[in-house]
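Q: I would like a close look at one part of this model, with the surroundings described afterwards.

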Amino acid sequence: MAAELWEIRDFIAEVPAFAELPAAALDALPRRLTVRYLRRGRPFPPPDAEPGLWIVRSGALAVREPDGRLREKLGETDLYLESDEADEQKPDTVAVVEDSLFYQLPLPAFEELVEAHPAFAWRFERTRRQRLERALSELGQGGRPESLMAASVESLLRREPITATPDTPIRQGAEIMTEAQVSALLLLEDGQLVGLVTDRDLRRRCIAAGVSVEAPLREIMTETLITVAPTASAFEASLLFSRHNIHHLPVVADDGALVGILSTSDLLRHQGTHSIHLVRDAMAAPDVEAIARVGSRLPDLEAQLVAIGAEAEPLGEAMVTVTDAMTRRLTELAEQALGLAPIAWAWAALGSQGRREQTAFTDQDNALILDDAFEPGQHGDWFERFARFVTDGLAAAGLEPCPGGTMATTPDWRQPVAGWQAQFRDWIEQPEPHSVMLATNFFDMRVVAGRESLLDLLWDKVRPAARENTIFQRRLANNALAIRMPLGFFRRLVVVNDEQHDERLDLKRYGLMPIADLARLHAVSLGLPELHTVRRLEAAARAGGLSSQAAAGLADAWRLFYVLRARHQARQVRRGEPLDNRLDPEQLSGLERDHLRDAFRVVDDHQRWVRTHFDVSGTR
């Protein structure tokens, strides 16, 4: 092969899609290419060219929608596929905006490669969702087979379950546990699991409470049980342990059959589960300084989870279980310092913590919901000091105060139920831009500590009112369209619009938040209780608010952004750098940039649908 053909072959091998081809196919490719040089302003594709795949060697193309809006800008190694078939989605105009050099592969030769090499073909699959699914699969590779991501709960069970009936005397139950050397006894009635008794129950509910050892076990058993399926991953089990601060998980099959019981010791024998360690440390913390030490370990937890191949949802869940535990313990320490609260209260998390989507780089968003017995003159000072204690403790643990003041220390965000209902009513009935922006955050409310029923009283009024108010929904839709998706990458810069290019990609601003806004919009318009972005999308599809394909595409785009952000932050942890959300395109492979383009386009397509569906007027 001539030297110039080798040079073309080496360039083509660097193009992500062609990197999938075997060496023999790459060697044959240069002779099938046509080299074209086009001056700036020339029509594209040129009228004399047959349809085919265009590879940009140098220069630039601008691809515009029929309305003139820039769809994307293509530069070195980017591809443009021109088909001889009609395509309703094809942009009206493509312009050569710099003197450019191209390699063109005729359509018949391209189709031969597609037919012969499936790994090459999938890069050109028509649905972005298919490509995003493959992208997520690729990002998940590398998890070690012995990791908690891969091990099933069933594989960790060490023995047959030890059981008794609820009518077994407590003394006999203790003897069974002693003989079997177990710390928990499963109670069956008519073959169904109805309760659990642990060593702790024997101490606290029997001996300390003065209950006779001849009484039946049902008097001291736990009836409301958290269970796990045998096919669940051990990582899922670790999240249940952490979230509920429990030590034992009955393992129950789909048909209700008891399979066994998993303990935290079983997990720790298999592999250190760091979120469990941190939750336990947080709940046992004697003071704010100990809570701060737990918070300082959150970046390491994120890096460890990324290293074992954690997927987006369980990774976020693991981070939130620790933040929740720190928050709950701080409320306990606050009551120890200030005395018991004078009335009932609920500490609510908002934003990413409320949605269970945190990473190690986050700030505080919280609020207090108070019982309607609240009297400002009588109770206000206590709750102000309570809020300050908890938020200061979270700040010491690395959760910076919210720059916008969306925290329980702000009097407006520390109200009785009736006050919150009035606040939401104002937001919904008078949806000005600022009030809608506030409402978006507060629709992510989740109780972390205190009396959860206070928030239930709020939602009983708020969700139906928001569902019925189409004007509020339209304003919410407008808010969800406020951030336009970037148009991709050009010369390793992020293309924001026709004029603006950023050196780094803010994965929160241009990825996660627009999807969270869209998911919240659907949840509010349908009156759905779900909070997590993916769960909201799935619930909206089940309710008929959007297609299952649209929901799945948005969910996959969200997962891609989340995992890439977590990977970026894990690299920063390893380097000892401050954490942020801004990814340098230089860190991305060409293939990752292609995946991100697909994700941007999925979100942009849905934003366009929302504009029409919710009748949002005006321009973006």
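Leaving aside its neighbours within four places in sequence, which residues is Met445 in contact with?

A: The model is a predicted one. Setting aside neighbours within four places in sequence, Met445 is in contact with Ala348, Ala349, Leu350, Ala367, Ile369, Trp420, Leu455, Leu458, Trp459 and Leu531. Met445 belongs to the largest nonpolar core, which has 122 residues, and within this core Met445 and Phe561 touch the most other members. Helix α23 provides the largest share of the core, 13 residues. A second, separate core has 21 residues, including Phe11, Ile12, Leu107 and Phe110. In soluble globular proteins, nonpolar side chains tend to be buried together.

Some of these contacts lead on to cavities. Ala349, one of the contacts of Met445, also lines the second largest cavity, together with Thr327, Trp347, Gln353, Gln364, Asp365, Asn366 and Leu394. That cavity holds about 40 Å³ of space. Its lining divides into three nonpolar, four polar and one charged residue.

The structure holds two cavities of 30 Å³ or more, and the largest has about 60 Å³ of space. Phe443, Arg463, Ala466, Ala523, Val524, Gly527, Leu528, Glu530 and Arg536 line the largest cavity. Helices α19 (453-468) and α21 (508-526) each supply at least two residues of that lining. By class, the lining of the largest cavity has five nonpolar, one polar and three charged residues. The residue range of α19 also takes in Leu455, Leu458 and Trp459, which are among the contacts of Met445.

Helix α21 also takes part in an open site. The second largest pocket has a volume of about 1100 Å³. Its lining consists of 44 residues, and those nearest the centre are Asp363, Asp365, Asn441, Lys508 and Met513. Asp365 is thus named both here and in the lining of the second largest cavity. The elements that each supply at least two residues to this pocket lining are α13 (298-307), α14 (312-338), α15 (351-355), α18 (433-442), α21 and α23 (548-575). Among them, α21 gives the most, with six residues. The pocket lining has 18 nonpolar, 15 polar and eleven charged residues. Helix α23, a contributor to this lining, is also the source of the largest share of the largest nonpolar core.

Strand β13 (366-370) precedes a loop that runs to α16 (376-396), and Asp371 is found in that loop. The range of β13 includes Ala367 and Ile369, two of the contacts of Met445. Asp371 counts as partly exposed because its relative accessibility is 23%, and buried would require under 20%. Beyond its neighbours within four places in sequence, Asp371 is in contact with Ile343, Ala344, Pro416, Arg451 and Leu454. Asp371 and Ala344 are 27 residues apart in sequence, yet their C-alpha atoms are 5.3 Å apart in space. Over the chain, 70% of the contacts between residues at least 6 apart in sequence join residues at least 24 apart.

Helix α8 (residues 199-207) gives a second local example of burial. Its buried residues are Asp201, Leu202 and Cys206. These three cover an arc of only 100° around the axis, so they are on the same side of α8. They pack against α7 (170-180) and β9 (192-198).

The loops on this stretch of chain hold two residues with a positive phi. Gln181, in the loop between α7 and β8 (184-189), has phi near 55°. Gln181 counts as exposed because its relative accessibility is 72%. Asp190 lies in the loop between β8 and β9, and its phi is near 55°. Asp190 is exposed, with a relative accessible area of 80%. Elsewhere, the peptide bond from Phe44 to Pro45 is cis, with omega near -10°, and Pro45 lies in the loop between β2 (43-44) and β3 (52-64). Most residues other than glycine have a negative phi, and most peptide bonds are trans.

As for the chain as a whole, 55% of its 620 residues count as buried. The chain has 24 helices and 20 strands, and its C-alpha trace spans about 95 × 60 × 45 Å along the principal axes.

Methods
Residues numbered from 1 in each chain as written. Heavy atoms only, no water. 1 Å grid on protein atoms, 1.4 Å probe; cavity = no way out; pocket = protein on both sides within 12 Å on 5 of 7 lines; lining within 4 Å. Points joined across faces, edges and corners; volume = space filled by probe spheres on them. Helix = DSSP H or I, 4+ residues; strand = E, 2+ residues; numbered from the N terminus. Nonpolar A, V, L, I, M, F, W, Y, C, P; charged D, E, K, R; others polar. Buried < 20%, exposed > 50% of the residue type's maximum accessible area, 1.4 Å probe, protein only. Arc of directions from axis to C-beta. Contact = heavy atoms within 4.5 Å. Core = buried A, V, L, I, M, F, W, Y, C linked by side-chain atoms within 4.5 Å.
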